[in-house]
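Here are my notes for anyone opening this one for the first time. They are in numbered points, so dip in wherever you like.

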Amino acid sequence: MLFHIAGGGPSGLYFAYLIKRSNPAYTVRVFEQNKPDVTFGFGVVLSGRALRFLSAGSPDVVERLKRRMEHWSDQHIVHRGERVVVDGSSYAAIERLTLLAELQGICKAAGVELHFEHRAAQASELADCDVLIGADGANSVVRDSHADAFGTRVHEYNNYYAWFGVERPFDAHTLTFKRVESGAFVGHHYRYKPAMSTFVAEVDQATWERAGMDAMSDDARRALTEQVFVDTLGGQALISNRSIWRRWRRVDNENWHVGNIVLIGDALRTAHPSIGSGTRLAMEDAIALWQAFQAEPDNVPAALRTYEQVRRPIRSKLNNAMELSVRWYEEMSRKMSLPPYPFAYDYLLRTGIMTAERLAHEAPDFMRRYRAQALVEQASS
Ligand SMILES: Cc1cc2nc3c(=O)[nH]c(=O)nc-3n(C[C@H](O)[C@H](O)[C@H](O)COP(=O)(O)OP(=O)(O)OC[C@H]3O[C@@H](n4cnc5c(N)ncnc54)[C@H](O)[C@@H]3O)c2cc1C
C-alpha cells in the first residue's frame with residue numbers, strides 16, 4: 001500500500017510512524033512545506049490525561065517525549081492580582097519544534113520517506129497513491145481542493161489572540177486576567193523549556209476596538225500587550241514567531257473522507273487553544289486512523305468508515321465543550337466582576353465536562369478555599 005500524507009505536523013508524523021512501524025512493507029511518504037526545523041508558535045501544553053491517551057499509539061514514543069517535557073501540577077488563575085491555585089491536575093509542555101524533531105526522528109528510523117520544502121498546491125498533486133491523508137492543518141489544501149465534497153464549514157469567533165514566547169519560566173499553567181481602561185485581556189502562559197514559556201494573549205472584540213487594536217500593526221499590538229502584562233512578564237519582551245493577531249476560526253467537515261482521501265487533525269476540525277488540546281486531538285485522530293487500518297488492512301473504504309465511526313462521537317463531545325469554552329472567553333469581561341474564587345470556579349465549570357462533585361474530588365484544596373470564600377461573601381452581603 002502507498003500512503004501519501006500532506007503535512008508534517010504532529011498528526012501527519014504520528015500517523016506515518018504508527019502505520020509504517022506496524023506494516024513495514026507499506027510505502028509511507030510525508031510532504032511538508034517547511035524545512036524540518038521551521039514551525040509556527042512556541043510550546044504546547046498537554047494534560048497528564050492527554051499523555052495517557054496518546055500512549056494508545058505507542059507508549060515508547062510518549063515516554064520519549066515526556067523526557068523532553070516540562071512537568072508541573074496545579075493550574076493558577078490570577079484575577080484582580082490574586083493567585084488562585086487549582087490543585088490536583090498534571091500537565092506537561094513541550095516545544096513544538098522539539099515535538100516535531102522527535103517525531104521526524106522516529107519516522108526516519110522506521111523508514112518513512114520525509115519530503116521537506118514540498119508544498120502541495122492542490123490535492124491532485126499527491127493523489128497518485130492508495131490513500132491520501134490531509135494532515136495539512138487548519139488551512140488544509142487537501143480539504144479545500146474538495147471543499148464541497150467534504151462539506152467544509154468555517155465559522156469565525158469574536159475574540160482575537162496571538163501566540164508569543166517569553167524568556168521567563170512560569171511555575172505552572174497560568175491564566176492571568178487583566179482589567180485595563182479599554183477592557184479585558186487574558187494571558188495563557190506556561191513554561192515549555194527550563195527558561196522559556198509560551199504566552200498566548202487574547203482580547204474580546206469590544207476591548208480590541210476600544211484599545212484601537214484594529215488599526216494597529218502587529219508590532220504595536222505586541223507592545224501594547226507587553227504594557228498590559230508588564231508585571232506578569234517581569235518586564236521581559238514578548239517574542240514573535242509568525243505571531244499574527246487573528247480571530248479563531250472553527251473549521252469542520254460534514255464528511256471525513258471522500259474517495260480515498262481522509263482528513264485528520266486541524267484539517268478535519270480545529271481545536272480552540274482554550275481547551276488546550278489541539279495537538280492531543282490531532283495525534284489521537286492519527287491513532288484512530290492507524291487502528292482502523294489495523295482492523296481493516298486490505299480494505300481502504302472499510303478502514304475509513306471505521307475511523308469515522310469510532311472517532312466522530314468523541315470529537316463531537318469535545319466540540320460541544322469547545323463551543324462553551326469559547327463563549328466563556330467572549331464573555332470574560334462580564335465574568336470578571338466576580339471575586340477571584342467564584343470567578344475561578346465559574347471558569348473551571350465552563351465546558352460542562354467538569355462538575356462540582358468532580359472538582360471536589362480532584363481539586364479538594366481549591367474547593368475548600370472556594371467554599372470558605374463563598375461563606376465570607378455571604379456573611380458580608
Ligand atoms: C495560539 C495557539 C495555541 C495553541 N496551543 C496549544 C496547546 O497549548 N496545546 C495543544 O495541544 N495545542 C495547541 N494549539 C493547537 C495545535 O497547534 C494544533 O491543534 C495542532 O498543531 C494540530 O496538528 P496538525 O498536525 O493537525 O496540524 P499542524 O500542526 O498545523 O501541522 C500541519 C502541517 O502541514 C504543513 N502544511 C500545510 N499546508 C501544506 C501544504 N499545502 N503542503 C505541504 N505541507 C503543508 C504545515 O507546514 C504544518 O507543518 C494551539 C494553536 C494555536 C493557534
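1. Start with phenylalanine 164, which stands opposite phenylalanine 199 in strand 11. Bear in mind as you look that this is a predicted model. The two strands behind that pair are strand 8 and strand 11 (residues 196-203), and they run antiparallel with 7 bridges between them.

2. Stay with strand 8 for a moment, as there are further partners to find. Strand 13 (residues 246-253) is joined to strand 8 by 7 bridges, again in the antiparallel sense. If you want a spot to click on, tyrosine 161 has arginine 246 of strand 13 as its bridge partner. Strand 12 (residues 238-239) also pairs antiparallel with strand 8, through 2 bridges, and there valine 166 stands opposite leucine 238. As general background, strands in a sheet pair through backbone hydrogen bonds, and the sense can be parallel or antiparallel.

3. Now for another sheet topic: in what order do the strands of the open sheet of 6 strands run? The order is 6-2-1-7-15-14, and the pairing is mixed. Strand 6 (113-115) and strand 14 (257-258) are at the edges with a single partner strand each, so each has one side without a neighbour in the sheet. Within this sheet, strand 1 (residues 2-6) pairs with strand 2 (residues 27-31) in the parallel sense over 5 bridges. Alanine 6 is a handy marker here, with phenylalanine 31 in strand 2 as its bridge partner.

4. Next, the ligand. It is surrounded by 32 residues, and the closest are Ser11, Glu32, Arg96, Asp266 and Thr279. Sorted by class, this shell has 13 nonpolar, 13 polar and 6 charged residues. Elements supplying at least two residues each are helix 1 (10-22), strand 3 (43-47), strand 8 (152-166) and helix 9 (278-295). Helix 9 has the largest share, with 4 residues. Strand 8, which we met above through its pairing with strand 11, is thus on the list for the ligand shell too.

5. Which residues put a polar side-chain atom by an oxygen atom of the ligand? Glutamate 32 does, with a polar side-chain atom 2.7 Å from a ligand oxygen. Arginine 96 does as well, at 2.8 Å from an oxygen atom of the ligand. For threonine 279 the contact comes from the backbone instead: an N or O atom there lies 2.8 Å from a ligand oxygen. As for how much of the ligand is covered, taken alone it exposes 1,000 Å², and the protein buries 93% of that.

6. On to empty space. Rolling a probe the size of a water molecule over the atoms shows where such space is left. How many cavities of 30 Å³ or more are there? The count comes to 1, and the largest cavity has a volume of about 40 Å³. Its lining is made of Tyr157, Asn159, Tyr160, Tyr161, Glu202, Trp248, His272, Val326 and Glu330. Strand 8 and helix 10 (300-330) are the elements that give two or more residues to that lining. The largest share, 4 residues, is from strand 8. By class the lining divides into 5 nonpolar, 2 polar and 2 charged residues. You may recognise Tyr161 in the lining as the bridge partner of arginine 246.

7. Last, have a look at the second largest pocket, which holds about 250 Å³ of space. The pocket has 17 lining residues, with Val78, Arg83, Thr176, His189 and Thr232 nearest its centre. Two or more residues come from each of strand 4 (70-79) and strand 9 (173-180). Which strand gives the most to this lining? Strand 9 does, with 4 residues. In terms of class, the lining of this pocket has 5 nonpolar, 6 polar and 6 charged residues.

Conventions: Residues numbered from 1 in each chain as written. Predicted model: local features only at pLDDT ≥ 70, side-chain atom pairs only at ≥ 80, totals over all residues. Heavy atoms only, no water. 1 Å grid on protein atoms, 1.4 Å probe; cavity = no way out; pocket = protein on both sides within 12 Å on 5 of 7 lines; lining within 4 Å. Points joined across faces, edges and corners; volume = space filled by probe spheres on them. Nonpolar A, V, L, I, M, F, W, Y, C, P; charged D, E, K, R; others polar. Near = heavy atom within 4 Å. Polar contact = N/O pair within 3.5 Å; in protein donor to acceptor, adjacent residues only side chain to side chain. Areas by Shrake-Rupley, 256 points an atom, 1.4 Å probe, with all protein chains shown as cover. Pairing = 2+ DSSP bridges.
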